[in-house]
Amino acid sequence: MFRFLRWSVAIVLPVLLATLPAFPAIAQNYPSRVVKLIVPFGAGGPADVYARVLAQHLSEETKQSFVIENRPGAGALIGTDAVAKSAPDGYTLLVMSNTHTTNESLLSNKPYELMRDFVPVATINYSDLLMVVHPSVEAKSVAEFIALAKKEPGKLNYASSGPGTPYHMAGELFKVMSHTDIVHVPHKASGDARNSVLSGNVQMMFDAVTTMTALAKGGQVRALATTGLQRNPLTPDLPTVAETVPGYEATIWLGVMAPKGTPKEVITFLNTAINKVIALPAVKEVWLKQGAVPLVKSPEEFDSYLRKDIDKWAEVVKISGAKIQ
């Protein structure tokens with residue numbers, strides 16, 4: 001009898017152990033190989049630029065390579081869906097923005113749902129947007145631009161890096177609150193949208209202060225305003241849109257998410273590591289000079305932040321009637 005029991009245990013126990021989740025072991029040794037940060041936006045935009053800073057410091061901190069892979073297109077759907085379908089082991093992560101919270105209400109046929117198929121890891125930073133026009137546009141202020149748009153409804157265009165992006169929704173919010181009719185011209189990436197404005201093919205754009213300020217100071221575009229509730233330290237002489245359109249506010253923020261099912265220990269490890277990077281004095285100093293403010297949150301705080309942002313932009317989409325073109 002006892003021999004039978006010992007034989008049973010010897011045979012069955014290894015089988016049972018083999019079927020148990022390997023999460024604790026994975027978390028304990030994490031990271032043991034290359035970690036991919038998927039950026040579902042084009043190269044040169046804020047998400048790409050700050051993801052590369054993050055990857056560099058995470059590689060130094062963990063002694064493992066964190067590499068960037070750009071997969072732009074379809075309003076961030078292509079790269080995001082690729083991460084959603086990845087193994088939930090912490091080796092494929094999503095660099096995301098408020099494009100994703102907007103898409104929850106703007107795109108009804110997404111192959112994923114943000115809060116169902118992903119888990120929050122950490123926030124990165126946020127920054128104001130800059131409202132700019134091509135120098136050929138007569139308007140020298142937000143008020144003059146609104147007057148021009150009302151004089152010629154449907155003739156002025158604004159560029160974005162795609163449906164649901166912060167640049168798109170900043171434009172839709174502006175249209176609603178200023179009671180103007182301006183045509184949205186989506187592009188595949190922020191660099192493409194920027195080039196359209198620089199060339200004069202599109203008249204206006206809301207772009208991140210981190211990437212557009214230098215072009216504005218160089219005279220390649222005319223800056224009309226920033227989009228925060230208070231004037232931006234980079235452009236203290238430039239008014240906010242809210243000074244002309246009371247209550248207007250639109251920013252761009254970045255964060256990191258992982259596929260649903262990623263071990264909690266890995267999420268905690270990544271959150272701690274990312275928060276450590278964005279708290280580095282050298283990182284903070286450079287980012288603040290560029291107009292980006294480090295944003296530190298726990299996974300739980302980020303979860304709440306995401307849900308509130310989804311609700312906010314769902315209301316804007318509803319009021320504006322924004323649609324995918």
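For sorting residues by class, Ala, Val, Leu, Ile, Met, Phe, Trp, Tyr, Cys and Pro count as nonpolar, Asp, Glu, Lys and Arg as charged, and the others, Gly among them, as polar. On that basis, the lining of the second largest cavity comes out at five nonpolar, three polar and no charged residues. The model here is a predicted one, and it holds two cavities of 30 Å³ or more. Below is a quick tour of those cavities, helix α3, the nonpolar cores, some backbone oddities and a few single residues.

**The largest cavity**

- The volume of the largest cavity is about 150 Å³.
- Its lining takes in 21 residues, and F41, S161, T165, Y167 and S190 are the ones nearest the centre.
- Three elements give two or more residues to that lining: α3 (46-62), α8 (166-178) and β9 (251-259).
- Split by class, the lining of the largest cavity has eleven nonpolar, nine polar and one charged residues.

**The second largest cavity**

- The second largest cavity has about 30 Å³ of space.
- Lining it are P46, Y50, N125, S127, T210, I252, L254 and A292.
- At least two lining residues each come from α3, β4 (118-133) and β9.
- Two names to carry over to the next topic are P46 and Y50, which line this cavity and are also among the buried residues of α3.

**Helix α3 and what follows it**

- How far apart are the end C-alpha atoms of α3? They are 24 Å apart, which agrees with the 24 Å that its 17 residues should span at 1.5 Å a residue.
- Buried along α3 you'll find P46, A47, D48, Y50, A51, L54, A55, H57, L58 and T62.
- As a reminder when reading that list, an α-helix has 3.6 residues a turn, so residues three or four places apart point the same way.
- Straight after α3 comes K63, with a positive phi near 65°.

**Backbone oddities**

- K63 sits in the loop between α3 and β2 (66-70), and it has a positive phi without being a glycine.
- Is K63 buried or exposed? K63 counts as exposed because its relative accessibility is 70%, and the cut-off for exposed is over 50%.
- H179 is another residue other than glycine with a positive phi, this one near 55°.
- You'll find H179 in the loop between α8 and β6 (183-186), where H179 is exposed with a relative accessible area of 64%.
- The Y30 to P31 peptide bond is cis, its omega being near -10°.
- P31 belongs to the loop between α2 (23-29) and β1 (35-39).

**Nonpolar cores**

- The largest nonpolar core has 46 residues, and M131, F145, F174, F206 and Y248 touch the most other members.
- Another core lies apart from it, with 34 residues that include V39, L93, I124 and L254.
- Back in the largest core, F206 is in contact with L129, L130, M131, Y167, A170, G171, F174, T227, V241 and Y248, leaving aside neighbours within four places in sequence.
- Among those contacts of F206 is Y167, which also turns up as one of the residues nearest the centre of the largest cavity.
- L254 plays two parts as well: it is in the 34-residue core, and it lines the second largest cavity.

**Three single residues**

- T92 lies in strand β3 (residues 92-97) and is buried, at 12% relative accessible area.
- Not counting residues up to four places away in sequence, T92 touches K36, I38, V83, S86 and P259.
- T240 is placed in the loop between β8 (222-226) and β9, and at 3% relative accessibility it counts as buried.
- Which residues does T240 contact, leaving aside neighbours within four places in sequence? They are A225, T226, G228, L229, Q230 and R231.
- T240 and V197 are 43 residues apart in sequence, and their C-alpha atoms are 20 Å apart in space.
- Y305 is part of helix α13 (residues 299-320).
- Y305 counts as partly exposed because its relative accessibility is 25%, and that class runs between the cut-offs of 20% and 50%.
- Leaving aside neighbours within four places in sequence, Y305 is in contact with W253, L295 and K297.
- The C-alpha atoms of Y305 and T123 are 9.6 Å apart, though 182 residues separate the two along the chain.

Key: Residues numbered from 1 in each chain as written. Predicted model: local features only at pLDDT ≥ 70, side-chain atom pairs only at ≥ 80, totals over all residues. Heavy atoms only, no water. 1 Å grid on protein atoms, 1.4 Å probe; cavity = no way out; pocket = protein on both sides within 12 Å on 5 of 7 lines; lining within 4 Å. Points joined across faces, edges and corners; volume = space filled by probe spheres on them. Helix = DSSP H or I, 4+ residues; strand = E, 2+ residues; numbered from the N terminus. Buried < 20%, exposed > 50% of the residue type's maximum accessible area, 1.4 Å probe, protein only. Contact = heavy atoms within 4.5 Å. Expected span 1.5 Å × (residues − 1). Core = buried A, V, L, I, M, F, W, Y, C linked by side-chain atoms within 4.5 Å.
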